[in-house]
Number of protein chains: 2
Amino acid sequence: MSLSVYEKEAIVAMEKRYRATFVNSLSGFKSANLLGTSDTNQQTNLCIVSSAFHLGASPALMGVIIRPDTVPRDTLENIRATGFYTLNHVQKEMIVAAHQTSARYPHDISEFDQVGLTPLWREKFSAPFVQEAAIRLGLILREEHTMAINGTHLLVGEIIEAHVPDSCVSKDGFVDIEQAGTVALSGLDCYHTSSRVGRLSYAKPDCQPEWLD
Amino acid sequence: MSLSVYEKEAIVAMEKRYRATFVNSLSGFKSANLLGTSDTNQQTNLCIVSSAFHLGASPALMGVIIRPDTVPRDTLENIRATGFYTLNHVQKEMIVAAHQTSARYPHDISEFDQVGLTPLWREKFSAPFVQEAAIRLGLILREEHTMAINGTHLLVGEIIEAHVPDSCVSKDGFVDIEQAGTVALSGLDCYHTSSRVGRLSYAKPDCQPEWLD
């Protein structure tokens, strides 16, 4: 298998769009979530994010990266104004609608209406969930960090509610997101379904991990 | 499909290990990378991480989350001491070896030896790559943030070399990580291969995205 080494200078020299596509592919598979927000007048906003990641279990924290130059600023402004946001897993049948939320719609247009997804409101929670999503998380903003090197924002949110299908929760707490239909992303625009290889037992020195299934 | 809503109080009340397994499942699919480091005496360290994520293309940046209480501190100390680290995609045939790197070996034991993976050294680069990985990244630490809420560290690294199989690079810069054999993770311990649904065109208001393949 022939392999190329791209050094820093070669990456810098790439055409801008080529570089964005290339570098976005390098981290590995990404989560696919719809981020739901609202302004203080209940004008809703929805955008797909591939940057949600686990940050801690106690308290239950999730990080999400917001780039002011690529994502409509509505999302960031809404989160700062209300403190609330939702993350909703993208499933196979929602891929095209979810992807379309990345189009740059004006502030007074709700992506829910444009792409045909349904806002779900919960009591005392100032951001819309996505009705169609099997797994939904409601978060409160706890912390914000700005990367000095490129101005990108890390939002740290605490999960204050999680909606999960009962059939997907194992005895030990594992949530089978593959069974829930959750898809994965790679690069900027490639969607994937998954096939479970298996779960491995907790690793200890001097013994091999075992397949749990 | 019956669905349960887990509110904050229910998550807090979960048994510790159950909660870790549950909350780790909620972000969606995760990347699977082997993080390679070395101390200043070339004592190598390797550990699997599911927290590597894209942070920017220009400069090419990647974030990785290090939890001092769960990951051996060797990794963090090595990165701080040398400034260098590598991320190497996990492929299907390496899953068991990769998972085993999460066992708590003493500092003077190299996970490379214990799990049967091969360190690959590159000139002027003070961290080992994983020879067996199809896609490998060499990074320099650029920035570090500590989460006030739980003490977790975000390391921001710049990609200064990327090793990518030529057959996986598309004309537009997209890297087909599925073809490279890269796997995805869910929860703490579940490994998945992927099946491409397809790539979608750049989304614009007033027109539907098209499948590119």
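Contact means heavy atoms within 4.5 Å. The exercises below concern a predicted model, in which local features need pLDDT of at least 70, side-chain atom pairs count only at pLDDT 80 or more, and totals for chains, interfaces and linings use all residues. Residues are numbered from 1 along each chain as its sequence is written, chains are lettered from A in the order in which they are written, and side-chain values use heavy atoms, with hydrogens and water left out.

**Exercise 1. The interface**

Describe the contact of chain B with chain A by residues, buried area and salt bridges.

Solution.
- Step 1: The contact draws 108 residues from chain B and 108 residues from chain A.
- Step 2: About 9400 Å² is buried between chain B and chain A, and 62% of this lies on carbon and sulfur atoms. Buried area is the accessible area (1.4 Å probe) that two parts lose on being put together, summed over both.
- Step 3: Six salt bridges are counted between chain B and chain A. A salt bridge here is a side-chain nitrogen of Lys or Arg within 4 Å of a carboxyl oxygen of Asp or Glu. Glu158(B) and Lys8(A) form a salt bridge through their side chains, at 3.2 Å from N to O.

**Exercise 2. The symmetry**

Find the operation that lays chain B on chain A.

Solution.
- Step 1: Superpose the copies by least squares on the C-alpha atoms of residues with pLDDT of at least 70 in both.
- Step 2: A turn of 180° with a shift of 0.0 Å along the axis lays chain B on chain A at an RMSD of 0.0 Å. The two copies are therefore related as by a two-fold rotation axis.
- Step 3: Ser194(B) has the C-alpha nearest the axis in chain B, 2.1 Å from it.
- Step 4: Both copies use the same surface, as 100% of the contact residues of chain B recur in chain A.

**Exercise 3. The cavity**

State how many cavities of 30 Å³ or more there are, and what lines the largest.

Solution.
- Step 1: On a 1 Å grid over the protein atoms alone, a cavity is a set of points where a 1.4 Å probe fits but cannot get out; lining residues have an atom within 4 Å of a point. Grid points are joined across faces, edges and corners, and a volume is the space filled by probe spheres set on the points.
- Step 2: The count is one cavity of 30 Å³ or more, and the largest cavity holds about 30 Å³ of space.
- Step 3: Its lining includes Phe29(A), Ser194(A), Phe29(B), His192(B) and Ser194(B).
- Step 4: Strand E13 (190-199) of chain A and strand E13 (190-199) of chain B each give two or more residues to this lining. Strands (E, at least two residues) and helices (H or I, at least four) are DSSP runs, numbered from the N terminus.

**Exercise 4. Backbone and a salt bridge**

Locate the cis peptide bond of chain A, then explain what the pair Glu144(A) and Arg80(A) ties together.

Solution.
- Step 1: Ser58(A) and Pro59(A) are joined by a cis peptide bond with omega of about 5°.
- Step 2: Pro59(A) sits in the loop between strand E5 (53-57) and strand E6 (60-66) of chain A.
- Step 3: The side chains of Glu144(A) and Arg80(A) form a salt bridge at 2.5 Å, N to O. Glu144(A) lies in strand E10 (residues 136-146) of chain A and Arg80(A) in helix H3 (residues 74-82) of chain A, so the pair ties together parts 64 residues apart in sequence.

Notes:
On a 1 Å grid over the protein atoms alone, a cavity is a set of points where a 1.4 Å probe fits but cannot get out, and a pocket is an open set with protein on both sides within 12 Å along at least five of seven lines; lining residues have an atom within 4 Å of a point.
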